[in-house]
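Colleague: Got a minute to go through this one with me? I have a handful of short questions.

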Amino acid sequence: MEQRRVDLNCDLGESFGAYTIGLDSQVMPHITSANIACGWHGGDPLVMERTVRLAKESGVAVGAHPGYPDLMGFGRRSMSLTPDEARTYVKYQVGALWAFARSAGVSIQHVKLHGALYNQAAADPALARSVCRGIQEVDSSLIVLTLAGSCMLKTAREMGLRTASEVFADRAYQADGSLVSRRLEGAVIQDEEAAVQRAVRMVTEGRVTAITGEDISICADSICVHGDNAKALALVRAIRAALEERQVEVTCLEELV
């Protein structure tokens, strides 16, 4: 059987000030790409610098993880932005992480939006265009990592950006391929074994079972495990082991797209 390849990513660097979120140092060695918070929904300058250095030490590709300016709500509350606000908000945050990456002697591989900004851009063509324009103005070679089958993915491709389709091991899907709102029961997959099985199936079969019970098609270039998930370490370990057991190579996005 032909060997498949996939990226394994995690949202990291989301601690700030006196508050610790996630198990960054433990998770980092088991992933291939890190989405590092840029200070608006989580993270701060010290955390950004430390997380970039940790990624470098672990041989993990660095990605910017910009979100809404919503530290209190962890970037998960929706906002209404003008096109210029959306463009410059993303530009500002990617630029901030770029400075820390440059000083550490590494480059930024990709950009993945966070939380409400991620979900809104996945469904709103105008917002997606503004966000993609902000990314282009920083570096048009950056990979846009976004929801498989989404409006954001289509828009980024139309604008000539490199793209990667992301799937979630620990989130439930609607029948249209969108993520189930965190406000609804069952939105987050709590069962570790179920999450691992879903991840493997999305990669090897290109299918996932929606919360409605329907099987839907899905493209998996990269699997995400949320860093703030209490089971993040166990999940990344188990998913990677299960994939490698099935001869699926786990590698960074630069090797895939």
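Colleague: Start with Ala55. Which residues does Ala55 touch, not counting residues up to four places away in sequence?

Modeller: Ala55 touches Met28, Val60 and Val62. Keep in mind that this is a predicted model.

Colleague: Where is Ala55 found? And is Ala55 buried or exposed?

Modeller: Ala55 is in helix H2. Ala55 counts as buried because its relative accessibility is 0%, and the cut-off for buried is under 20%.

Colleague: What separates the C-alpha atoms of Ala55 and Val90?

Modeller: Those C-alpha atoms are 22 Å apart. Along the chain, Ala55 and Val90 are 35 residues apart.

Colleague: Val90 brings me to helix packing. How do you describe two packed helices in general?

Modeller: By the angle between their axes and the distance between the axes.

Colleague: Then take H3 and H5. At what angle do their axes cross?

Modeller: Roughly 40 degrees, and the axes come within 8 Å. That angle makes H3 oblique to H5.

Colleague: Right-handed or left-handed?

Modeller: H3 passes H5 in a right-handed crossing.

Colleague: Which residues meet there?

Modeller: From H3, Pro83, Ala86, Arg87, Val90, Lys91 and Val94. On the H5 side they meet Leu127, Ser130, Val131, Arg133, Gly134, Ile135, Glu137 and Val138.

Colleague: And H5 with H6? How do those axes cross?

Modeller: They cross at roughly 50 degrees and come within 9 Å. H5 and H6 are therefore oblique to each other. Their crossing is right-handed.

Colleague: Which residues of H5 and H6 make the contact?

Modeller: H5 contributes Pro125, Ala128, Arg129, Val131 and Cys132. H6 contributes Cys151, Met152, Thr155 and Ala156.

Colleague: Stay on H6. Which residues in H6 are buried?

Modeller: Cys151, Met152, Leu153, Thr155 and Ala156 are buried in H6.

Colleague: What do the buried residues of H6 pack against?

Modeller: They pack against helix H4 (115-123), helix H5 (125-138), E5 and strand E6 (162-168).

Colleague: Now Ser150. Where does Ser150 lie?

Modeller: In the loop between strand E5 (143-147) and helix H6 (151-158). Ser150 is buried, with a relative accessible area of 8%.

Colleague: Which backbone nitrogen lies 3.2 Å from a polar atom of the Ser150 side chain?

Modeller: The backbone nitrogen of Leu153. Leu153 is also one of the buried residues in H6.

Colleague: What about just after H6? What phi does Gly160 take?

Modeller: A positive one, about 85 degrees.

Colleague: Remind me what to expect of residues other than glycine.

Modeller: Most of them have a negative phi.

Colleague: So look at Phe74. What is the phi of Phe74?

Modeller: Positive, about 55 degrees, although Phe74 is not a glycine. Phe74 lies in the loop between strand E3 (61-65) and H3. Its relative accessible area is 12%, and Phe74 is buried.

Colleague: And Gln247? Where is the place of Gln247?

Modeller: In the loop between helix H8 (232-245) and strand E10 (249-250). Gln247 has a positive phi near 60 degrees, and is a residue other than glycine. Gln247 is partly exposed, with a relative accessible area of 47%.

Colleague: Change of topic: aromatics. How many aromatic pairs does a search of the whole structure find?

Modeller: The search finds 4. One of them is Phe16 with Tyr19: the ring centres are 5.3 Å apart and the planes sit at 40 degrees, so the pair is tilted.

Colleague: Is Phe16 buried or exposed? Same question for Tyr19.

Modeller: Phe16 is buried, with a relative accessible area of 19%. Tyr19 is exposed, at 56%.

Colleague: And what about the rings of Trp40 and Tyr92?

Modeller: Their centres are 5.3 Å apart and their planes are at 35 degrees, so this pair is tilted. Trp40 lies in the loop between strand E2 (33-37) and helix H2 (45-58), and Tyr92 lies in helix H3 (residues 83-104), so the pair ties together parts that are 52 residues apart in sequence.

Colleague: Is Tyr92 buried or exposed?

Modeller: Tyr92 is exposed, with a relative accessible area of 55%.

Colleague: Last one. Which residues form one aromatic cluster?

Modeller: Trp40, Tyr89 and Tyr92.

Terms used
Residues numbered from 1 in each chain as written. Predicted model: local features only at pLDDT ≥ 70, side-chain atom pairs only at ≥ 80, totals over all residues. Heavy atoms only, no water. Phe/Tyr/Trp six-rings, centres within 6.5 Å; stacked < 30°, edge-to-face > 60°. Buried < 20%, exposed > 50% of the residue type's maximum accessible area, 1.4 Å probe, protein only. Helix = DSSP H or I, 4+ residues; strand = E, 2+ residues; numbered from the N terminus. Polar contact = N/O pair within 3.5 Å; in protein donor to acceptor, adjacent residues only side chain to side chain. Contact = heavy atoms within 4.5 Å. Axes fitted to C-alpha atoms, helices over the stretch in contact; angles between N-to-C directions. Parallel < 35°, antiparallel > 145°, perpendicular 65-115°, else oblique. Left-handed = near helix turned anticlockwise from the far one by under 90°.
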